[in-house]
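Got a few minutes to walk through a fold? Have the viewer ready, and we'll take it one spot at a time.

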Amino acid sequence: MLLCEAAKVLEVGLDLVGFDLRRQQSVRPAKNAERFAAHCVASASSVSSVWFDVQGDIDFMLVPRHFKHFLMSVHVLAKCPTELELEAKFNVSDHTARDWVWKFWLPRIQNLVDKKMRWPLRWSVDENDNNAPETAFVVTVDVVHCPINEPSHGEWSKNPEFYSHKFGSSGLDYEIGISIYKNRVVWTNGPFKAGKHTDIKVFRAALKGKIPMGKLVVADLGYRGEKLIIATPNSHDTVEAREFKSRALARHESFNGVIKQFQCLSRRFRHGMKKHKMCFEAACVIGVYMIEDDRPLFDV
């Protein structure tokens, strides 16, 4: 059995984190799935898909130690452990953990962004049918806030550019765009300093220029100021329009909830902005595999 198959990924993955085959066979399958998700957030099926795609031209599929290092990297996204904790769980040195996680596997997962988050060429109910009607609303957009250790200012004891009112401390912001009628993330942008950029400022920095003429974005009230492009909740909306916007934004929040299960994004990050961007994009990539595989976004 190849190591890219979900059943084998589940078996080997659980063994790596301390559940040998005897313990796996002594419980119901759903319990093993819970155990795997507790260490990786994603299911074994989603992780196996990432494992298959992340290899590119290099075939690591039959080499157990490479899967061990790959799974260790997914665990870093999921639990944000220290290197000493990784040493104990995966029986590797801190240098080995650092090299394989930060220099090899996380960058390779991050590099799948372009493959998994493509901006559509045509906005319609069916992109493969040129005669399918185009949609007026194209994406929901929202900014995700992530706590970080406060970067030094150099002159002052505090660094106000990173101050997030959401946390009352330092943070980074990322913008996410999700297709309204497809189970697909189509845009990410960031990081931005939480104290320096409002949501609408982040939108104007890049995404505004990508919205096709005549199309509309759905966003929350933090995006007020671009009423010709962005549809925000409005007291003058009809009941149908209000319900549509509410469901679209709730759908977007459900994806935010998926990626916030990765503790590298929800806990205070300690490795700097460059590595945080790597973790954010890698977590989004795995999140996309999750909604494609077993946690689809609901229809608007």
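What follows is a short tour of a helix pair, a histidine and a cavity. Keep in mind that this is a predicted model.

Let's start with two helices, H4 (residues 44-54) and H7 (residues 94-110). Their axes sit 10 Å apart and meet at an angle of about 100°. Angles of 65 to 115 degrees count as roughly perpendicular, so that is how H4 lies relative to H7. If you want to see who does the touching, pick out Val50, Trp51 and Val54 on H4, then Trp105, Arg108 and Ile109 on H7. By residue type, this contact between H4 and H7 has 5 nonpolar members, no polar ones and 1 charged.

Now jump along to helix H10, which spans residues 239-259 and holds His252. Is His252 buried or exposed? Its relative accessible area is just 1%, and buried means under 20%, so His252 counts as buried. Setting aside neighbours within four places in sequence, His252 is in contact with Thr140, Val141 and Asp142, and also with Ile176, Gly177 and Ile178.

Last stop: the empty space. Rolling a water-sized probe over the atoms shows where such space is left. How many cavities of 30 Å³ or more turn up here? The count is 1, and the largest cavity holds about 40 Å³. To find the largest cavity, select its lining: Trp123, Ser124, Thr135, Phe137, Val138, Ser179, Tyr181 and Lys182. That lining is a mix, with 4 nonpolar residues, 3 polar and 1 charged.

Methods:
Residues numbered from 1 in each chain as written. Predicted model: local features only at pLDDT ≥ 70, side-chain atom pairs only at ≥ 80, totals over all residues. Heavy atoms only, no water. 1 Å grid on protein atoms, 1.4 Å probe; cavity = no way out; pocket = protein on both sides within 12 Å on 5 of 7 lines; lining within 4 Å. Points joined across faces, edges and corners; volume = space filled by probe spheres on them. Nonpolar A, V, L, I, M, F, W, Y, C, P; charged D, E, K, R; others polar. Axes fitted to C-alpha atoms, helices over the stretch in contact; angles between N-to-C directions. Helix = DSSP H or I, 4+ residues; strand = E, 2+ residues; numbered from the N terminus. Parallel < 35°, antiparallel > 145°, perpendicular 65-115°, else oblique. Contact = heavy atoms within 4.5 Å. Buried < 20%, exposed > 50% of the residue type's maximum accessible area, 1.4 Å probe, protein only.
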